[in-house]
Amino acid sequence: MAIIDVNNTRIAKLGEYLETILEELNSKYKKINADFLGIEVNNYSLDKIPTISTIEEDITGSRICRDVYSFRARNPYSSDRLINLKNIGFFEEFESIIKSNNDEGVLPEIDGIESIACLNSGTLNYVDESLKTAVFDIQLQITYEEE
């Protein structure tokens with residue numbers, strides 16, 4: 001059985017790519033976890049969503065595939081309008097950077113990658129009143145060719 005280099009997986013490469021975007025957006029940047037969102041603010045997780053991966057297959061056996069991920073963030077939350085506008089603005093800017101990078105061919109270093117896209121805008125999923133935080137979520141899709 002082959003040993004998997006976890007640093008060379010698609011989720012690891014996508015995480016590295018997103019970390020560069022977070023550095024632009026957030027001075028309180030923290031590393032992106034995988035399938036784990038801590039309780040601290042400015043905490044992020046990249047979670048793979050189960051989907052059918054093959055989009056298209058040609059007669060030579062080459063396939064166009066996709067992976068879909070949930071990018072979650074725990075941010076400050078209160079009745080303060082400015083804090084909540086900042087949360088919305090974060091995801092608007094995040095989505096804009098992803099789109100711009102995709103248009104310019106700035107993509108994660110994943111073999112065969114063709115594109116990355118936000119499937120929705122960041123949405124509020126859960127509020128923890130005791131921590132004064134909220135969990136936001138945006139779905140990302142990478143499309144890649146596999147031979």
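## The main nonpolar core

In this predicted model, the largest nonpolar core takes in 28 residues. The ones with the most contacts inside that core are Leu-14, Leu-18, Ile-21, Phe-71, Phe-94, Ile-98 and Ile-142. Quite a few parts of the chain chip in: helix 1, strand 2 (43-49), strand 4 (63-76), helix 2 (81-104), strand 5 (113-118) and strand 7 (133-146) each give two or more residues to this core.

Ile-142 is a handy place to start looking around. Skip its neighbours within four places in sequence, and Ile-142 still touches Arg-10, Leu-14, Cys-65, Arg-66, Asp-67, Tyr-69, Ile-110, Ile-113, Ser-115 and Ile-116. One of those partners, Leu-14, is also on the list of core residues with the most contacts.

## Rings in the core region

Now for the aromatics. Searching the whole structure turns up seven aromatic pairs. Take Phe-90 and Phe-94: their rings are stacked, at 6.3 Å centre to centre with 20° between the planes. Why are these two about one helical turn apart? Phe-90 and Phe-94 sit four residues apart in helix 2, so that is the spacing between them. Are they buried or exposed? Phe-90 and Phe-94 are both buried.

Another pair, Phe-91 with Phe-136, counts as tilted because the planes are at 35°, with the ring centres 5.8 Å apart. Phe-91 belongs to helix 2 and Phe-136 to strand 7, so this pair ties together parts that are 45 residues apart in sequence. Phe-91 is buried, and Phe-136 is too.

Step back from the individual pairs and a cluster shows up: Tyr-44, Phe-71, Phe-90, Phe-91, Phe-94 and Phe-136 are linked by ring pairs. Two of its members, Phe-71 and Phe-94, are among the core residues with the most contacts.

## The second largest pocket

Over to the empty space. The second largest pocket holds about 210 Å³. It has 13 lining residues, and Ile-11, Ala-12, Gly-15, Ile-32 and Ala-34 are the closest to its centre. Which elements give two or more residues to this lining? Helix 1 (10-25) and strand 1 (32-34) do, and helix 1 gives the most, with five residues.

As for chemistry, the lining of this pocket is a mix of six nonpolar, four polar and three charged residues. Helix 1 ends up with two roles here: it supplies residues to the largest nonpolar core, and it also contributes to the lining of the second largest pocket.

Methods:
Residues are numbered from 1 along each chain as its sequence is written. This is a predicted model: local features need pLDDT of at least 70, side-chain atom pairs count only at pLDDT 80 or more; totals for chains, interfaces and linings use all residues. Side-chain values use heavy atoms; hydrogens and water are left out. On a 1 Å grid over the protein atoms alone, a cavity is a set of points where a 1.4 Å probe fits but cannot get out, and a pocket is an open set with protein on both sides within 12 Å along at least five of seven lines; lining residues have an atom within 4 Å of a point. Grid points are joined across faces, edges and corners, and a volume is the space filled by probe spheres set on the points. Ala, Val, Leu, Ile, Met, Phe, Trp, Tyr, Cys and Pro count as nonpolar, Asp, Glu, Lys and Arg as charged, and the others, Gly among them, as polar. A nonpolar core is a set of buried Ala, Val, Leu, Ile, Met, Phe, Trp, Tyr and Cys residues joined through side-chain atoms within 4.5 Å. Buried means under 20% relative accessible area, exposed over 50%, partly exposed in between (1.4 Å probe, protein chains only). Contact means heavy atoms within 4.5 Å. Rings of Phe, Tyr and Trp (its six-membered ring) pair if their centres lie within 6.5 Å; planes under 30 degrees apart count as stacked, over 60 as edge-to-face and the rest as tilted.
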